[in-house]
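Colleague: I'm new to this one, so could you walk me through it? Let's start once it's on the screen.

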Amino acid sequence: MDDVRVWWTSAHRRHVWDLTNGPVWLDGGVSGQHWPDFSQVTAQPARKAGALYRGTRWNARKVGLNVIVGDPFWSAEVRTGLKYRHLESDWNYDLSEETTGRLCWVTGRGYRWLDCRVEKATDPKGTTDPARHGVGRYSYVLASDEAFYSGFPARYTVASRADEKVKGRVWNVGDYEAFPILRVHGPAQWVLDAGRGEIVLPEIRDGDWWDIDTDPDVLTVTDSQGVNRRDVFNSEWATGPDSGGLSVNALSVPVPPGEPVEVKATPVGRPPIGKDRARVEAVIHPRYRRAW
């Protein structure tokens, strides 16, 4: 059986604490590592007898974290007094009520994390001055803005002019629906189709790219200079069944958990100089129910 290792990356990203190998140790289990907090929302339509519409609302996740701060008794030196206070101060400095740190879980199956901040903290248990004995027990409630644990992003090449490839599959290995970010590279003019209609993009120059976040709740479009280009989807560049401007929602690309979605990207016109660099890539961030 693979061991589960838990790490905390400081809110200031300056320090990584191994909570399974000290000098800050997990004190018992960690709550919030398996199922997210959720509720079922139901509605009964008046004109459809016996029917019940059901949906799920996921709430932001909270994690209960109990730790022991201090060197184990078998250490060559057990820090007490001023040395212990330095250790305890370093640990608590790496937690914040405002800036998120990262709680990481590592097993033989992979690496997952949750960005969270301190919502509640208690004074050290059992003693007024833990520095006297070189050990203190602390309890925290960590709150995230997310319901699910994150994993490493998966990257796919959807289209490549060098390989004459015009379509590709984007897989979602997570437990919940996810939306890829499409990075469209020039030099080329691309026609994108994710199953909801075609969208013709403006010509993108050599060395430039556009990032299109296909999440309908985000749906940002930025170029390589960081400029917002979403306005093009309300112009003559957007074409499709609803002529006069296809809704930007045509580029919403939901990928069900454990399944792929095919995305097509077709270049328009004659290949320009530098065509081998023209390609379309997809990056998808899987979301997981459990920490490991």
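Modeller: Before we start, one cut-off: a residue is called exposed when its relative accessible area is over 50%, and buried when that area is under 20%. Keep in mind, too, that this is a predicted model.

Colleague: Okay, then is Arg205 buried or exposed?

Modeller: Take the relative accessible area of Arg205, which is 63%. The cut-off for the open class is over 50%. So Arg205 is exposed.

Colleague: And which residue does Arg205 meet in a salt bridge?

Modeller: Look at the side chains here: an N and an O sit 3.2 Å apart. The partner has 17% relative accessibility, so it counts as buried. The residue that meets Arg205 is Asp208.

Colleague: How many salt bridges are there by this rule?

Modeller: The rule asks for a side-chain nitrogen of Lys or Arg within 4 Å of a carboxyl oxygen of Asp or Glu. Arg205 and Asp208 pass at 3.2 Å, and Asp223 and Arg229 pass with their closest N and O atoms 3.5 Å apart. Counted this way, the number of salt bridges is 12.

Colleague: Back to Asp223 and Arg229: which of the two is buried?

Modeller: Arg229 has 26% relative accessibility, so this one counts as partly exposed. The other partner has a relative accessible area of 14%, and the cut-off for buried is under 20%. That makes the buried one Asp223.

Colleague: Which residue forms a salt bridge with Arg102?

Modeller: The closest N and O atoms of this pair are 2.7 Å apart. The pair links distant parts of the chain, with Arg102 in strand E7 (residues 101-107) and its partner in strand E8, 13 residues apart. Arg102 is partly exposed at 24% relative accessibility, and the partner is partly exposed too, with a relative accessible area of 25%. That partner is Asp115.

Colleague: On to the strands. Why is E6 described as largely enclosed by the rest of the structure?

Modeller: Strand E6 covers residues 62-69, which makes eight residues to look at. E6 is largely enclosed because the number of its residues that are buried is six.

Colleague: Over how many bridges do E6 and E9 pair?

Modeller: E9 is the strand at residues 136-144, and its pairing with E6 is antiparallel. Along it, Asn66 stands opposite Ser139, and Val69 stands opposite Gly136. The number of bridges between E6 and E9 is eight.

Colleague: What stands opposite Val24 in E6?

Modeller: Val24 brings us to strand E3 (residues 24-26), which pairs with E6 in the antiparallel sense over three bridges. The residue in E6 opposite Val24 is Val69.

Colleague: In E9, which residue is the bridge partner of Ala121?

Modeller: E9 is mostly covered, with seven of its nine residues buried. E8 pairs with E9 in the antiparallel sense over five bridges. In E9, the partner of Ala121 is Tyr140.

Colleague: Last topic, the largest pocket. Which strand gives the largest share of its lining?

Modeller: The volume of this pocket is about 570 Å³, and 20 residues line it, with Glu146, Ser150, Asp215, His285 and Arg287 nearest its centre. By class, the lining has nine nonpolar, three polar and eight charged residues. The largest share is three residues, and they come from strand E8.

Key. Residues numbered from 1 in each chain as written. Predicted model: local features only at pLDDT ≥ 70, side-chain atom pairs only at ≥ 80, totals over all residues. Heavy atoms only, no water. Buried < 20%, exposed > 50% of the residue type's maximum accessible area, 1.4 Å probe, protein only. Helix = DSSP H or I, 4+ residues; strand = E, 2+ residues; numbered from the N terminus. Pairing = 2+ DSSP bridges. 1 Å grid on protein atoms, 1.4 Å probe; cavity = no way out; pocket = protein on both sides within 12 Å on 5 of 7 lines; lining within 4 Å. Points joined across faces, edges and corners; volume = space filled by probe spheres on them. Nonpolar A, V, L, I, M, F, W, Y, C, P; charged D, E, K, R; others polar.
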